[in-house]
Number of protein chains: 2
Amino acid sequence: METLRERKKQRTREALLRVAVELFTTRGYEGTTVDDIADAVGVSQRTFFRYFAGKEDAALALDEMTVAHFVEAVRARPAHEPPLQALRQAVLEGWDTLHEVVDSVVPVERFLALYRVIESTPVLLAAHLRRSVEAEEVLAQVLAEREGLDPETDPRPRLTVAAFGGVMRMTERRWMTDGDFSLEAMRELTVSHLELLGPALAGKWLPYTKT
Amino acid sequence: METLRERKKQRTREALLRVAVELFTTRGYEGTTVDDIADAVGVSQRTFFRYFAGKEDAALALDEMTVAHFVEAVRARPAHEPPLQALRQAVLEGWDTLHEVVDSVVPVERFLALYRVIESTPVLLAAHLRRSVEAEEVLAQVLAEREGLDPETDPRPRLTVAAFGGVMRMTERRWMTDGDFSLEAMRELTVSHLELLGPALAGKWLPYTKT
DNA sequence: TTGTCAATTGTCAGTGGCTGTCACTAGCCT
DNA sequence: AGGCTAGTGACAGCCACTGACAATTGACAA
């Protein structure tokens, strides 16, 4: 077990994160000041900044956890799967097991609400995109290892991850704007987009028939 | 011709932009305050904010011009070209004619230096990515029109643009970090990446042989 | 030309994110 | 019990950014 100090720290951090998410999803990101969060938790503003690098960091902490979770899922995929297939399966797994990562802080629904805030707040969206791109670097490394390649000389790992990442973020955006805001809908969107990717990139487009 | 007032405004804006780029590339983005820029031009800080939405906006103004230029290049591509081919040609054209867009403010080399600053400054990179993603929405619309499709029902335009965009940004990053910082190198990287995209996404990877 | 109107600017005051410093308190360890 | 150290609060200060108002300057008609 841990020392009392560490437990206290953990509790403070969690309280800050929880309150931050609560306020961001109710009053909006810009409508919430760091003082609001600190006051609600009962600590000084200075203490908030000791736990989070910035307001942004608190808003994206949960997102970062899910990204790490996804990367782990890719690592855990059987080695015989082709790269794109491994990414695809890992994403679907990631969505299916979202609650395992997020529930310790807030219920999944609250996280999804936060996601909407991120997507609709320019500065948060920007930061989110940057982190996604950073994650791609890690993913490329993972793919390269799986295939026994060096990403510095063989561009295919990074290439695959970049295209895949582009499609995933486009899927997120459509998920937000299309009406259905359920994990099931996200699953379906993901599958159909990944299936269409090949044909869409290959030369001329045949007439499109929705499945 | 225009009124004196408009010419003055134009000159002020251009002076601000030029000085901003100058300072960002020499002292770095964070190392430059808005007051530095305003003082160097001889206007008040308030005036700076009347011409640019923020410090960020000044740093990315040139980038935005090149993006618009690229979108136009896509629009101008012959209708018979398949979508991905049109994007590819337009990008290459865009790099070849960079000077036409940028020279009116600063020499191309200075712009390339600014690009490095953007890529290496987290907050700027984030904003740059967000703008790129916004541009993708426009591009998807353009592709859809070319093919006579509705992007709301047919995901292929957005899909293509998303994958393409991912690859392009991955190319930018590699361009920065690989040694050769010339437009020619960028051209070659672009071509080789786009050529490898198809094979990289298709199932298992064959042994890679550099061309 | 001159007077009126509108656009542009500077000044000032204030908010909010974020950081450095320093004294103080509270858990830890012998 | 008492010294050590990690964590905290209070305070001062920087910088990006905004609203409000007054002063200036170009535009345009009488």
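**Protein–DNA and protein–protein contacts in the predicted model**

A backbone N or O atom of A:Arg5 sits 3.1 Å from a phosphate oxygen of DNA strand C. This contact belongs to a predicted model, and it makes a convenient starting point for a walk along the DNA surfaces. On chain B, two side chains reach the phosphates of the same strand: a polar side-chain atom of B:Lys9 lies 3.0 Å from a phosphate oxygen of DNA strand C, and an N or O atom in the side chain of B:Tyr51 is likewise 3.0 Å from a phosphate oxygen of that strand. The elements giving two or more residues to the surface near DNA strand C are helix 1 and helix 3 of chain A, together with helix 1 and helix 3 of chain B.

Altogether, 23 residues surround DNA strand C, and those that come nearest are A:Thr3, A:Arg46, A:Lys55, B:Thr47 and B:Arg50. Of the atoms of DNA strand C that come within 4 Å of the protein, 59% belong to sugar and phosphate. Sorted by class, the residues of this surface divide into 5 nonpolar, 9 polar and 9 charged.

Turning to the other strand, 22 residues lie around DNA strand D, with A:Lys9, A:Thr47, A:Arg50, B:Thr3 and B:Lys55 coming nearest. Here sugar and phosphate make up 58% of the strand's atoms that come within 4 Å of the protein. The surface near DNA strand D has 5 nonpolar, 8 polar and 9 charged residues. At least two of its residues are supplied by each of helix 1 (4-27) and helix 3 (45-51) of chain A and helix 1 (4-27) and helix 3 (45-51) of chain B.

Individual atom pairs fill in the picture for DNA strand D. A polar side-chain atom of A:Thr47 is placed 2.2 Å from a phosphate oxygen of this strand, and one of A:Ser44 is placed 2.9 Å from a phosphate oxygen. A base is also involved: a polar side-chain atom of B:Arg5 lies 3.0 Å from a base nitrogen of DNA strand D.

The two protein chains also meet each other. In this interface, 44 residues of chain B are in contact with 44 residues of chain A. The size of an interface is often given as the accessible area lost when the parts come together. For chain B and chain A the buried area is about 4100 Å², with 71% of it on carbon and sulfur atoms. On the chain B side, B:Arg156, B:Leu159 and B:Trp205 lose the most area to chain A, together 20% of what that side buries.

Helix 5 (83-96), helix 8 (122-147), helix 9 (156-177) and helix 10 (183-201) of chain B are the elements that give two or more residues to the side touching chain A. Helix 9 of chain B provides the largest share, 13 residues. By class, this side has 26 nonpolar, 6 polar and 12 charged residues. Across the interface the rule finds 0 salt bridges, while 2 residue pairs are found in polar contact, both at pLDDT 80 or more.

How are the two chains related? A turn of 180° with a shift of 0.0 Å along the axis lays chain B on chain A with an RMSD of 0.0 Å, which is the relation of a two-fold axis. Because 100% of the interface residues of chain B are also interface residues in chain A, the copies meet through the same surface.

Notes. Residues are numbered from 1 along each chain as its sequence is written. Chains are lettered from A and ligands numbered from 1 in the order in which they are written. This is a predicted model: local features need pLDDT of at least 70, side-chain atom pairs count only at pLDDT 80 or more; totals for chains, interfaces and linings use all residues. Side-chain values use heavy atoms; hydrogens and water are left out. A residue is near a molecule or strand if one of its heavy atoms lies within 4 Å of it. A polar contact is a pair of N or O atoms within 3.5 Å; within protein, one must be able to donate a hydrogen and the other to accept it, and residues adjacent in sequence count only if both atoms are side-chain atoms. Helices (H or I, at least four residues) and strands (E, at least two) are DSSP runs, numbered from the N terminus. Ala, Val, Leu, Ile, Met, Phe, Trp, Tyr, Cys and Pro count as nonpolar, Asp, Glu, Lys and Arg as charged, and the others, Gly among them, as polar. Contact means heavy atoms within 4.5 Å. Buried area is the accessible area (1.4 Å probe) that two parts lose on being put together, summed over both. A salt bridge is a side-chain nitrogen of Lys or Arg within 4 Å of a carboxyl oxygen of Asp or Glu. Copies are superposed by least squares on the C-alpha atoms of residues with pLDDT of at least 70 in both.
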